[in-house]
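The following exercises ask the reader to work from the coordinates to a short, reasoned description. Each task is followed by a solution in steps.

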Amino acid sequence: MSVDLKSRYLGLELANPIVASASPLTGSVDSLKRLQDAGVGAVVLPSLFEEQIEHEEMATHNLMLYGSEVSPEASSFFPEMRSYETGTAKYLKLVGDARKSLSVPVIASLNGYTTGGWTRIAKQCEEAGAHAIELNVYFLAADPADSATAVEQRYLDLVASVRAATRVPVAVKVAPYFSAMASMAVRLVKAGASGLVLFNRFVQPDIMLDELEVAPHLVLSTSDELRLALRWIAILHGRIEASLAATGGAHTPEDVLKLLLAGADCVMVASSLLRLGPQHVGTLVRGVEAWMSERDYESVTQMKGSLSQQSCPDPDAFERANYMKALKSYTSEFA
Ligand SMILES: Cc1cc2nc3c(=O)[nH]c(=O)nc-3n(C[C@H](O)[C@H](O)[C@H](O)COP(=O)(O)O)c2cc1C
């Protein structure tokens, strides 16, 4: 029996729910084409960072100030300066080239943490051809003077600011560290998010004992990390008016199936593709299709969310009630 793998994400039709998450693999047109050939449903480009945009604007501003001191016509240089190959210009070119070269939806990614002029770039991504924007809010509330309310408001203002800058859908990639994740999810949607990408994976620093230095430590994920997104996708499915994307720990067809059963509209993958190459997309798509076919599922739409918290036989399994059961079930030969 043929299985209909189509899924809708941010109002876009995906041929299947596997999406290449932002990573170096989505940073060139060649690599993007390989992902498309392998069967990916959509791609998210690597992030353009707020710091990059702000830094360039500052440099341009300083150059103009300096120029205006030497020549009254200096400000007329400005239009030409726009065509310089800055990080932003390169990024917009990647968006445009990706849009022209691919038939799958292209999602541009912006990474920031403050509201401000930089969010105008969302419009330029749209004009360059992005089907949607993923806003990665990468912020750690490390200042003891920063209250939870203030931090949450900053997220909401940022989402509203990017939402106002563009007409294409905006998905928000967030960290899981909110006191009230479900409420925050609803508020992010009210602020203008058409989708939530759960979750941002912070690069955790480590201490190098030999060098006595602190260094960022980027490790690729394993399937064990999957369950954080699994829980929250299952809890939020059917409760918010927005798409849900899962990211973090999806490596095998089984991982993808679990996230779809929990209620994900798409499953984003980065580590597994970095480890196994773009062709791994094909393994995931075929594996999902085979499993669904064996169990007589007709479509992803039919299967999606059938084990979400609202639909599963044991809703408590997603909350505290199962904690005691889980602890009691642990056995060790030493205990
Ligand atoms: C080398 C590398 C680069 C990444 N770059 C970005 C990025 O630019 N923007 C972003 O939102 N996420 C970025 N990510 C995070 C991934 O998109 C993804 O959310 C995360 O790795 C969890 O998914 P995974 O378990 O499939 O790897 C990056 C991840 C890796 C490993």
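**Exercise 1.** In which strand is the place of Leu196? Determine also whether Leu196 is buried or exposed, and list its contacts.

*Solution.* The model is a predicted one.
Step 1. Leu196 belongs to strand E8, which comprises residues 195–198.
Step 2. The relative accessibility of Leu196 is 0%. Since buried means under 20% relative accessible area, Leu196 counts as buried.
Step 3. With residues up to four places away in sequence set aside, Leu196 touches Val172, Ala185, Leu188, Leu236, Ile240, Ser243, Leu244 and Ala245.
Step 4. As a distance check, take the C-alpha atoms of Leu196 and Met324: they are 30 Å apart, with the two positions 128 residues apart along the chain.

**Exercise 2.** Assign Gln36 to its helix, and decide whether Gln36 is buried or exposed.

*Solution.* Step 1. Helix H1, residues 29–37, contains Gln36.
Step 2. Gln36 has a relative accessibility of 19%. The cut-off for buried is under 20%, and therefore Gln36 counts as buried.
Step 3. Beyond four places in sequence, Gln36 touches Ser101, Leu102, Ser103 and Val104.

**Exercise 3.** Compare the span of helix H6 with the expected value, then establish which residues of H6 are buried and what covers them.

*Solution.* Step 1. H6 runs over residues 148–165 and has 18 residues. From first to last C-alpha, H6 reaches 26 Å, close to the 26 Å expected at 1.5 Å a residue.
Step 2. The buried residues of H6 are Val151, Glu152, Tyr155, Leu156, Leu158, Val159, Val162 and Ala165.
Step 3. To interpret such a list, recall that an α-helix has 3.6 residues a turn, so residues three or four places apart point the same way.
Step 4. The cover over the buried residues of H6 includes strands E5 (106–112), E6 (132–137) and E7 (170–174), together with helices H5 (121–128) and H7 (181–190).

**Exercise 4.** Characterise the surroundings of the ligand: how many residues surround it, and which side chains have N or O atoms paired with ligand atoms?

*Solution.* Step 1. The ligand is surrounded by 19 residues, the closest being Ala22, Ser47, Asn136, Ser221 and Ser271.
Step 2. By class, the shell holds eight nonpolar, nine polar and two charged residues.
Step 3. Strand E4 (42–49) and helix H10 (271–276) each contribute at least two residues to the shell.
Step 4. An N or O atom in the side chain of Ser47 lies 2.6 Å from a nitrogen atom of the ligand. For an oxygen atom of the ligand, the distance to an N or O atom in the side chain of Asn136 is 2.6 Å, and an oxygen atom of the ligand is 2.9 Å from an N or O atom in the side chain of Lys173.
Step 5. Of the 610 Å² of accessible area that the ligand has on its own, the protein covers 86%.

**Exercise 5.** Examine the backbone at Phe199, Leu212 and Asp296.

*Solution.* Step 1. The reference is that most residues other than glycine have a negative phi, and most peptide bonds are trans.
Step 2. The peptide bond between Leu198 and Phe199 is cis, with omega about 5 degrees. Phe199 is in the loop between E8 and strand E9 (204–208).
Step 3. Leu212, not a glycine, has a positive phi of about 50 degrees. Leu212 lies in the loop between E9 and strand E10 (213–217), and counts as exposed because its relative accessibility is 71%.
Step 4. Asp296 has a positive phi near 60 degrees. Asp296 is in the loop between helices H11 (280–294) and H12 (300–303), and is exposed, with a relative accessible area of 54%.

How values were computed. Residues are numbered from 1 along each chain as its sequence is written. This is a predicted model: local features need pLDDT of at least 70, side-chain atom pairs count only at pLDDT 80 or more; totals for chains, interfaces and linings use all residues. Side-chain values use heavy atoms; hydrogens and water are left out. Helices (H or I, at least four residues) and strands (E, at least two) are DSSP runs, numbered from the N terminus. The expected span of a helix is 1.5 Å times one less than its number of residues. Buried means under 20% relative accessible area, exposed over 50%, partly exposed in between (1.4 Å probe, protein chains only). Contact means heavy atoms within 4.5 Å. A residue is near a molecule or strand if one of its heavy atoms lies within 4 Å of it. A polar contact is a pair of N or O atoms within 3.5 Å; within protein, one must be able to donate a hydrogen and the other to accept it, and residues adjacent in sequence count only if both atoms are side-chain atoms. Accessible areas come from the Shrake-Rupley method with a 1.4 Å probe; for residues, only the protein chains shown count as cover. Ala, Val, Leu, Ile, Met, Phe, Trp, Tyr, Cys and Pro count as nonpolar, Asp, Glu, Lys and Arg as charged, and the others, Gly among them, as polar.
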